[in-house]
Amino acid sequence: MHLDEFDRKIIGSLQEDARMPVAQVAERAALSSTPVSRRIKRLEDEGVIRGYQPVLDTRRLGFELDAYVLINLDGHSDANISRFEQAIQENRYVVACHAVTGDMDYLVHVIARDVEHLSQITLKTLVRIPGVRDVKSIIVLETIKQARALPLE
């Protein structure tokens, strides 16, 4: 999809603050409110803008621990993959899961209250998913950068 300069300015403004009033977005894009509203609607309809969510502070919500869990499956049959991905979808402590290249099959981002909670999530749920062969955990000590806005080149 082609994004012109106005689309990029609109998206940039919404990435900065998705609750920004249309009039303010319009001012930044150097357009009037009506065409900006139409462009936002088009960007939503075309799937460029997929939704709006608040950015939550996990620590203030009681999740002191971020971890990445590397998972290998014992086989790559459609049934095995489907079973694994369904279990991941249903796990509320998994905030992201990526199929990856390299030695492991999946990179799973997990939030937990503490190390004991991470142990429960890993040993009582992730390891017990049928078809899981290997699990390795990496605990985040400090987050250096966590960008939410995408570059609009």
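Which residues of the largest nonpolar core touch the most other members? In this predicted model, they are I71, F84, I88, V108, V110 and L126, out of the 20 residues that make up the largest nonpolar core.

## The nonpolar cores

At least two residues of this core are supplied by each of β1 (65-73), α4 (78-90), β3 and α5 (115-126). A second core, separate from the largest one, has 12 residues and includes L3, I10, M20 and A29.

Two of the residues named for the largest core can be followed through their contacts. I71 is found in strand β1, and because its relative accessibility is 0%, I71 counts as buried. When neighbours within four places in sequence are left aside, I71 is in contact with F84, M104, D105, Y106, V108, L126, V132, D134 and V135. D103 is 32 residues from I71 in sequence, while the C-alpha atoms of I71 and D103 are 9.4 Å apart in space. L126, with its neighbours within four places in sequence likewise set aside, is in contact with V69, I71, I88, N91, V94, V110, I121 and V132.

## The strands around β3

Strand β3 (residues 106-112) pairs with strand β2 (residues 94-99) in the antiparallel sense, and five bridges are found between β2 and β3. Strand β1 is also antiparallel to β3, and seven bridges join β1 to β3. Individual positions show how these pairings meet: L107 of β3 stands opposite H98 and is also the bridge partner of L70, whereas V108 of β3 stands opposite C97.

Of the seven residues of β3, six are buried, and the strand is therefore described as mostly covered, buried meaning under 20% relative accessible area. In a regular strand, side chains alternate between the two faces of the sheet. Six residues lie between the strands in the hairpin of β2 and β3, where G102 takes a positive phi near 105 degrees.

## Two loop residues

A30 and N91 are both loop residues, and they are considered here in turn. A30 lies in the loop between α2 (22-29) and α3 (33-45), and its phi is near 60 degrees, a positive value in a residue other than glycine. Is A30 buried or exposed? Its relative accessible area is 58%, so A30 is exposed, the cut-off for that class being over 50%.

N91 is found in the loop between α4 and β2. Because its relative accessible area is 11%, under the 20% cut-off, N91 is buried. Not counting residues up to four places away in sequence, N91 touches I121, T125 and L126, and N91 accordingly appears among the contacts of L126.

## The largest pocket

The largest pocket has a volume of about 1,700 Å³. It is lined by 36 residues, of which Q53, P54, V55, A147 and R148 are the closest to its centre. The elements that give two or more residues to this lining are α1 (5-16), β1 and β3, and the largest share, four residues, comes from α1.

By class, the lining of the largest pocket consists of 21 nonpolar, seven polar and eight charged residues. Strands β1 and β3 thus appear in two settings: each gives two or more residues to the pocket lining, and each supplies at least two residues of the largest nonpolar core.

Conventions: Residues numbered from 1 in each chain as written. Predicted model: local features only at pLDDT ≥ 70, side-chain atom pairs only at ≥ 80, totals over all residues. Heavy atoms only, no water. Pairing = 2+ DSSP bridges. Buried < 20%, exposed > 50% of the residue type's maximum accessible area, 1.4 Å probe, protein only. Core = buried A, V, L, I, M, F, W, Y, C linked by side-chain atoms within 4.5 Å. Contact = heavy atoms within 4.5 Å. 1 Å grid on protein atoms, 1.4 Å probe; cavity = no way out; pocket = protein on both sides within 12 Å on 5 of 7 lines; lining within 4 Å. Points joined across faces, edges and corners; volume = space filled by probe spheres on them. Nonpolar A, V, L, I, M, F, W, Y, C, P; charged D, E, K, R; others polar.
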